[in-house]
Amino acid sequence: MISTIAKLGDLNTPCYFYDMTLLRRTIASLKEAIDNRPIHVHYAMKANSNPEILRAISNAGFGADCVSGGEIRLALKCGFKAADISYAGVGKTDDEINLGLECGIGCFIVESIEELAMIGDISATRGAKAPVALRINPDIDAHTHHYITTGLKENKFGIDMRLLDKAIDTLDRYQSLQLKGLHFHIGSQILTPEPFVELCHRVNRLSKQITSHGHNLEFIDTGGGFGIDYDDPDANPIPDFKPFIDAIMDNLDMSLCNYVIIEPGRSLVAQCGTLLSHVIYVKEGIEKKFIILDAGMNNLIRPALYGAHHRIENISTKTGTTYEKYDVVGPICESSDIFAEDENLPRTRRGDIIAIRSAGAYGETMSSTYNSRPLQSFILKD
Ligand code: LLP
């Protein structure tokens with residue numbers, strides 16, 4: 001893959017490079033792991049909402065997990081069916097709720113009792129019936145970075161499970177609300193299936209609590225979170241979905257719902273994306289050498305925000321050359337604008353191309369124009 005990039009010649013950097021073949025193989029591998037079991041995939045488009053990526057995913061027949069009115073509009077434009085769109089997020093505005101109702105989205109994922117009442121009021125005014133799923137905070141530790149752990153009870157997401165009865169009471173007061181399912185999301189970059197096993201046991205108990213109130217559940221949504229190999233993307237370009245899918249399907253009580261929804265984001269798109277950048281300077285300090293790139297935290301914020309490490313490669317030099325230790329940094333006026341410290345790389349020169357791997361998820365979508373820098377471009381390889 002990298003050699004193909006190297007042949008691209010005059011590259012306009014910084015830019016995201018997407019390997020669409022790898023994306024399609026990843027999608028196929030997820031379908032294979034699902035193996036005709038009753039699972040609907042709603043791609044979490046916050047991971048990457050590049051229209052070309054969205055079209056490839058909607059062509060696969062997947063739905064979309066959206067978190068804003070903007071994402072709903074874009075999903076529809078890129079081929080997702082309204083009925084296959086779910087809409088989560090703790091702060092849906094009245095306008096966004098109205099948009100969801102107008103478009104006929106499949107489900108609102110409701111994150112608080114206050115929001116449930118608001119969706120009930122707005123849909124009643126419109127003479128509509130809003131399909132809703134309650135997002136319950138299951139208080140399960142996903143054992144991942146604390147910024148991307150979402151299912152612990154002190155998180156802002158979802159309805160505390162101790163408030164479930166109260167949420168059902170609110171729901172029962174509104175003719176304009178139709179309960180479709182329960183939703184959970186415990187975190188991101190989860191590397192083992194165990195947290196999902198724990199989640200399923202909790203879900204079974206909560207689903208029984210719901211059915212004891214006389215409600216049937218069409219679906220259980222277990223959210224996203226499957227992790228990927230940031231250390232060695234070439235060894236594991238496609239995540240092993242099967243242990244996660246099996247953990248969910250072997251432990252969920254399927255007598256309590258008709259089908260399961262999963263919302264993978266990162267695991268579908270991370271490995272197909274690479275951030276490409278030119279070296280502007282190699283700065284020789286007293287104790288350190290710096291590779292200064294034309295890409296910065298404005299293009300890929302994960303290292304600065306989460307201390308994440310992405311594999312870094314110099315794709316201009318031949319292997320077998322001398323290696324040296326470098327701090328790889330961007331041009332932004334922030335000390336946290338560092339991609340890696342003491343990275344062992346072949347001797348690097350001004351003008352070399354540096355590839356920052358596994359950047360297809362939460363890269364382009366989280367980029368900004370900080371320091372009045374233009375947004376990066378992108379290229380696709382089929
Ligand atoms: N469903 C819900 C409700 C979510 O909040 C998320 C991600 C997903 C699905 C998709 O999770 P995934 O399969 O991608 O793990 N910017 C951070 C990750 C934030 C995740 C936010 N929620 C990062 O770069 O690591």
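This passage walks through one helix, two cysteines, the ligand site and one loop residue of a predicted model.

A good place to begin is helix α4, which spans residues 69-77. Four of its residues, Gly69, Glu71, Ile72 and Ala75, are buried. Viewed down the axis of α4, these buried residues fall within an arc of 160°, so they line one face of the helix. Behind this pattern is a simple piece of geometry: an α-helix has 3.6 residues a turn, so residues three or four places apart point the same way. The face of α4 turned away from the buried side carries Arg73 and Lys77, both of which are exposed. As for what covers the buried residues, the surroundings include strand β3 (63-66), strand β4 (85-87) and helix α5 (94-103). After α4 comes glycine 79, with a positive phi near 100°.

Just before that glycine in the numbering sits cysteine 78, which brings up the topic of disulfides. With a disulfide taken as a pair of cysteine sulfur atoms within 2.5 Å, the count for this model is zero. Cysteine 78 is accordingly in no disulfide, and the nearest cysteine sulfur, belonging to cysteine 66, is 10 Å away. Cysteine 78 has 3% relative accessibility and therefore counts as buried. Cysteine 200 can be described in similar terms. Its closest cysteine sulfur is that of cysteine 257, and the distance of 10 Å is too far for a bond. With a relative accessibility of 0%, cysteine 200 also counts as buried.

The ligand is surrounded by 19 residues, and the closest are Ser188, Glu263, Arg302, Tyr306 and Tyr362. Several polar side-chain atoms approach the ligand. For glutamate 263, such an atom lies 2.6 Å from a ligand nitrogen, while for arginine 302 the partner is a ligand oxygen, at 2.6 Å. Aspartate 65 also places a polar side-chain atom 3.3 Å from a nitrogen atom of the ligand. On its own, the ligand has 590 Å² of accessible area, and the protein covers 93% of it.

The last stop is threonine 317, found in the loop between strands β13 (312-314) and β14 (323-329). Is this loop residue buried or exposed? Its relative accessibility is 16%, and the limit for a buried residue is under 20%, so threonine 317 counts as buried. Apart from neighbours within four places in sequence, threonine 317 is in contact with Pro346, Arg347, Arg349 and Asp352.

Notes. Residues numbered from 1 in each chain as written. Predicted model: local features only at pLDDT ≥ 70, side-chain atom pairs only at ≥ 80, totals over all residues. Heavy atoms only, no water. Buried < 20%, exposed > 50% of the residue type's maximum accessible area, 1.4 Å probe, protein only. Helix = DSSP H or I, 4+ residues; strand = E, 2+ residues; numbered from the N terminus. Arc of directions from axis to C-beta. Contact = heavy atoms within 4.5 Å. Near = heavy atom within 4 Å. Polar contact = N/O pair within 3.5 Å; in protein donor to acceptor, adjacent residues only side chain to side chain. Areas by Shrake-Rupley, 256 points an atom, 1.4 Å probe, with all protein chains shown as cover.
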